[in-house]
Amino acid sequence: MSSYALLVAKHRVNIIEDDTNTTVEMITNLRCCQELFFTQKEKTNNMIYEAIMSVIGFTTFVASYFIQLLILGEKPSPSGGMSLQGCFLMLFIFIILVFILNPILKFFKKKCVTKIKDIKLTFSSNGLEINPNIKNSNRKPIFIDTLNIKEICIREQEILKGSGRDSYTVRMLNIILVLKKSIKEQFTNKEIKEIAIMEEIEKEDLEKAIKLAEKLKKALKI
């Protein structure tokens with residue numbers, strides 16, 4: 001399988017071509033696509049859950065550190081140094097705490113978090129259809145006419161990896177669809193002028209990303 005085919009398979013892209021038309025189908029779970037179909041309450045609940053997870057994660061890490069100090073009978077070091085024994089003990093305590101908290105976190109996630117597992121994007125000469133593909137739901141597909149599509153471009157984005165002293169940034173590529181006239185999210189008044197079609201493509205895959213973007217343009221006939 002070619003490297004381009006691997007990229008297409010990784011991002012669940014299906015390209016259908018004949019003598020006159022090209023249709024591209026893509027399955028995604030990108031947050032920006034999901035949020036087109038969220039109510040304001042769902043967005044707020046998702047943000048609250050993420051904030052709670054961040055607080056719990058930090059608190060659990062700090063608690064693990066101080067518990068291992070109590071067990072080993074050590075005092076906090078101003079330099080932040082830790083023995084190998086302390087590191088392993090802290091990791092073990094952290095895993096135990098996460099295991100204990102996991103059922104509670106799952107309960108809150110089930111109650112608070114809204115997530116659309118898969119969204120189908122269909123590019124054709126008529127335009128782009130964004131379908132949440134959820135049965136028994138009031139979330140309807142969104143259709144963007146080809147005449148309202150300005151361009152499909154590729155942009156670099158810096159993404160922060162890791163945390164604390166071990167954090168670093170990497171440059172990734174995103175395929176962006178730019179509209180001539182903004183559309184509104186289905187359940188809010190937020191205007192959308194750009195939609196990320198594909199995110200976090202490795203920089204070395206630039207040529208493959210360009211080739212895929214050209215396929216999307218061909219399907220849309222722009």
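The following paragraphs lead through the sheets, the helices and the salt bridges of this structure.

The model is predicted, so that local features need pLDDT of at least 70 and side-chain atom pairs count only at pLDDT 80 or more, while totals for chains, interfaces and linings use all residues. Residues are numbered from 1 along each chain as its sequence is written, and side-chain values use heavy atoms, with hydrogens and water left out.

Helices (H or I, at least four residues) and strands (E, at least two) are DSSP runs, numbered from the N terminus. Strands of a sheet pair through backbone hydrogen bonds, either parallel or antiparallel. Here two strands are said to pair if DSSP finds at least two bridges between them.

One open sheet is formed by 5 strands in the order 1-2-3-4-5, and its pairing is antiparallel. Its edge strands are strand 1 (13–17) and strand 5 (142–145), each of which pairs on one side only. From one strand to the next, the twist averages 10°; for such angles, axes are lines fitted to C-alpha atoms, for helices over the stretch in contact, and the values run from 0 to 180 degrees between N-to-C directions. Within this sheet, strand 2 (residues 22–28) and strand 3 (residues 119–124) run antiparallel and are joined by 5 bridges. Val 24, for instance, has Phe 123 in strand 3 as its bridge partner. Helix 5 packs on this sheet, touching strand 1, strand 2, strand 3 and strand 4 (127–131), and its direction makes about 120° with that of strand 2. Contact here means heavy atoms within 4.5 Å.

A further open sheet has 3 strands in the order 6-7-8, again with antiparallel pairing. Strand 6 (149–161) and strand 8 (191–202) are its edge strands, each pairing on one side only. The twist in this sheet averages 30° from one strand to the next. Strand 7 (residues 168–184) runs antiparallel to strand 8, and 8 bridges join the two. Among the residues involved, Ile 183 has Ile 192 in strand 8 as its bridge partner. Helix 5 (residues 206–220) lies across strand 6, strand 7 and strand 8, running at about 150° to strand 6. Helix 5 therefore touches strands of one sheet and lies across those of another, as its contacts, defined above, establish.

Helix 4 (residues 84–112) allows a check of its length. At 1.5 Å a residue, its 29 residues should span 42 Å, and its end C-alpha atoms are 39 Å apart, which agrees. The expected span is 1.5 Å times one less than the number of residues. Helix 4 also bends by about 40° at Leu 101, and a proline, Pro 103, follows within four residues. The bend at a residue is the angle between axes fitted to the seven residues ending there and the seven starting there. Gly 86, Met 90, Ile 93 and Leu 105 of helix 4 are buried, where buried means under 20% relative accessible area, exposed over 50% and partly exposed in between (1.4 Å probe, protein chains only). Helix 3 (40–72) is included in what covers these buried residues.

By contrast, Lys 135 is exposed, with a relative accessible area of 76%. This residue lies in the loop between strand 4 and strand 5. The C-alpha atoms of Lys 135 and Glu 74 are separated by 57 Å, and the two residues are 61 residues apart along the chain.

The structure holds 14 salt bridges, a salt bridge being a side-chain nitrogen of Lys or Arg within 4 Å of a carboxyl oxygen of Asp or Glu. In one of them, the side chains of Arg 12 and Asp 118 meet at 3.1 Å, N to O. Arg 12 lies in the loop between helix 1 (3–10) and strand 1, and Asp 118 in the loop between helix 4 and strand 3, so the pair ties together parts that are 106 residues apart in sequence. Another joins Glu 25 and Lys 120 (3.8 Å, N to O). Because Glu 25 lies in strand 2 and Lys 120 in strand 3, this pair ties together parts that are 95 residues apart in sequence.

Glu 214 forms a salt bridge with Lys 217, their closest N and O atoms being 3.6 Å apart. These two residues are 3 residues apart in helix 5, and are thus separated by about one helical turn. An α-helix has 3.6 residues a turn, so residues three or four places apart point the same way.
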